[in-house]
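Thanks for coming. I'll put the sequence and structure up, and then we'll go through a few places in turn.

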Amino acid sequence: MHMEVASGLADRGKNLPNGTINNNEEDGGLFRAIPARVVLYLLSWSGFLVSFVMRNDINIAIVEMVSPPGEEVLPDRFQWSFSERAIILGCFYWWYVVAQVAGGVATQRFGTKAVFGWSQLATALCSLLIPMGARMHLGCLVGLRSVQGFASGLTWPAMYAIVGHWIPPWERSRFMSSFQGFSIGIGLTYPLCGWIIANWGWPKVFYTTGSIGVAWCLIWWYLAFNRPHEHPRITRAEREMIEEAVAEDIRGGYGMAPRWGAIFRSVPAWAIAVTTFGRIWLHYMFIMFGPVYMNDVLGFDIETNGILSGAPFLCSYLSAVLFCAAADWMVAHSMSLLIVRKIFTAVSQVVPGILIFCIAWSKNQIAVLVMWFIAVSCITAGYAGAMANIIDIAPNLAGPVLAFAQTIHMSASFIAPIAASAIVKDTKSTEQWMMAFGLALGIAIITYLPYLAKAQAKPQPWNYREAQQVTDEATAPLRGPSSV
């Protein structure tokens with residue numbers, strides 16, 4: 001499916017000014033046969049896939065790393081308490097949130113290529129060192145996971161920052177589906193790591209994921225470039241089309257210093273941050289409590305539970321592609337960009353919020369699973385909604401704006417589990433789950449309302465080096481490539 005999206009981007013390149021791209025117009029070759037935007041899409045997609053594999057591998061490996069209470073401690077097994085395991089798993093996210101602003105600042109200074117590449121490399125090297133660190137001391141393992149969390153926190157602002165310089169406005173929703181590579185990463189991590197552990201033991205999990213990460217970094221350094229004119233293999237026609245399409249949005253803004261005061265005072269930026277808080281709350285309810293609910297309430301065995309818990313995230317990438325393609329189609333057919341963003345933001349949190357509440361009421365396993373799959377799939381519509389809206393309002397400062405928004409909305413990743421745990425004392429009680437899921441519904445709707453009222457879809461004055469009034473023409477339907 002990601003190749004279908006990539007080919008869609010490639011097809012856009014056929015309708016360029018001055019005619020069809022001639023991929024042999026300069027010196028030919030395989031690389032010129034593939035549009036540079038498609039390569040960037042595939043790098044983004046695979047980068048987030050690899051990043052989330054390295055992030056989540058320890059979630060299953062730690063099961064084998066810990067020696068069961070009362071049993072003899074075997075080699076490469078550790079007697080960690082539940083609270084120590086919670087620290088090992090949780091320290092990643094503490095530093096992940098802290099890194100958001102640093103990621104925005106670093107990307108504006110050093111560019112996406114350096115920040116994303118070095119962040120991935122640091123995460124991969126830490127994965128390779130985790131077996132040694134765990135054997136040395138618990139503190140070493142926590143330190144390595146903290147470094148991974150901080151490094152991973154830099155990746156999202158870094159990738160957002162490059163979109164405004166590379167992707168024409170009418171392709172941006174579709175390009176945002178590349179970020180959903182992380183869903184494939186989540187879906188693949190558990191069966192891959194489980195198979196490795198069963199055959200070769202838990203240390204090989206980290207050697208495998210770390211090696212994959214290092215190999216990916218080598219590909220990234222060869223193929224990724226911050227701006228079209230830096231790319232040595234892009235065709236002249238594609239470069240000119242991109243530069244003309246994005247010129248108005250980014251004019252002279254590459255490398256400009258983040259305007260944190262303006263971002264902090266921006267109502268549209270706050271609207272995005274608040275509404276995505278509700279979406280992340282829902283997302284982590286499914287990620288963290290899905291397996292527990294399926295086991296204790298629905299009664300699925302561990303093998304079936306693992307498949308059913310991971311399958312929706314594999315499917316969610318397909319839904320992200322469809323939602324993002326639909327958003328581009330709606331914009332290309334003269335629907336207001338702002339209306340499109342609001343529609344898909346509602347689909348990403350109001351619909352899943354209603355479904356998660358209905359799940360607690362249903363006693364039918366099939367009905368629950370259908371609603372579960374639909375809800376997790378709908379959450380990905382946010383990448384055609386508020387998450388894509390970040391680039392609409394600040395193509396020059398997308399990295400810092402994302403850092404601002406993620407600092408706020410990623411707090412839901414640890415607030416939601418705390419709130420749910422305070423409500424659900426008996427994991428077999430449907431009444432308690434109903435209260436927890438009802439809270440999630442309420443938060444999803446309440447946080448959407450500010451976005452419905454205050455969202456905008458035009459570059460803000462602080463997006464430019466010299467703040468200026470942006471005309472209302474930016475809110476008009478975007479023209480497709482045939483009119484460029």
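In which loop is F78 found? F78 is in the loop between α2, residues 36-65, and α3, residues 82-110. Bear in mind throughout that this is a predicted model.

Is F78 buried or exposed? Its relative accessibility is 12%, and buried means under 20%, so F78 counts as buried. Setting aside neighbours within four places in sequence, F78 is in contact with M65, V66, S67, A134, R135 and W202. Take V66 from that list: V66 and F78 are twelve residues apart along the chain, and their C-alpha atoms are separated by 4.8 Å.

R135, another of those contacts, brings us to the salt bridges. Side chains of opposite charge can pair when their charged atoms come close. How many salt bridges does the count come to? The count comes to seven, and I'll show three.

One joins the side chains of R135 and D76, at 2.7 Å from N to O. R135 lies in helix α4, residues 112-136, and D76 lies in the loop between α2 and α3, so this pair ties together parts 59 residues apart in sequence. R135 counts as partly exposed, at 42% relative accessibility. D76 is also partly exposed, at 28%.

Next, the side chains of R37 and E171 form a salt bridge at 2.9 Å, N to O. This pair links distant parts of the chain, 134 residues apart: R37 is in helix α2, and E171 is in the loop between α5, residues 138-166, and α6, residues 172-176. R37 is buried, with a relative accessible area of 0%. E171 is buried as well, at 0%. E238 belongs here too, as R37, E171 and E238 are linked in a network of salt bridges.

The third is between the side chains of E230 and R227, at 3.4 Å, N to O. E230 is partly exposed at 31% relative accessibility, and R227 is partly exposed at 23%.

Now R233, which sits in the loop between α8, residues 203-223, and α9, residues 236-250. R233 counts as buried, at 15% relative accessibility. What does the side chain of R233 reach? It reaches the backbone oxygen of Y222, at 3.0 Å.

Last, helix α14, residues 365-379. This helix has 15 residues and spans 21 Å from its first C-alpha to its last, close to the 21 Å expected. At its start, a side-chain oxygen of N364 comes to within 2.9 Å of the backbone nitrogen of I366. The buried residues of α14 include V368, L369, W372 and I379.

Notes:
Residues numbered from 1 in each chain as written. Predicted model: local features only at pLDDT ≥ 70, side-chain atom pairs only at ≥ 80, totals over all residues. Heavy atoms only, no water. Helix = DSSP H or I, 4+ residues; strand = E, 2+ residues; numbered from the N terminus. Expected span 1.5 Å × (residues − 1). Buried < 20%, exposed > 50% of the residue type's maximum accessible area, 1.4 Å probe, protein only. Polar contact = N/O pair within 3.5 Å; in protein donor to acceptor, adjacent residues only side chain to side chain. Contact = heavy atoms within 4.5 Å. Salt bridge = Lys/Arg side-chain N within 4 Å of Asp/Glu carboxyl O.
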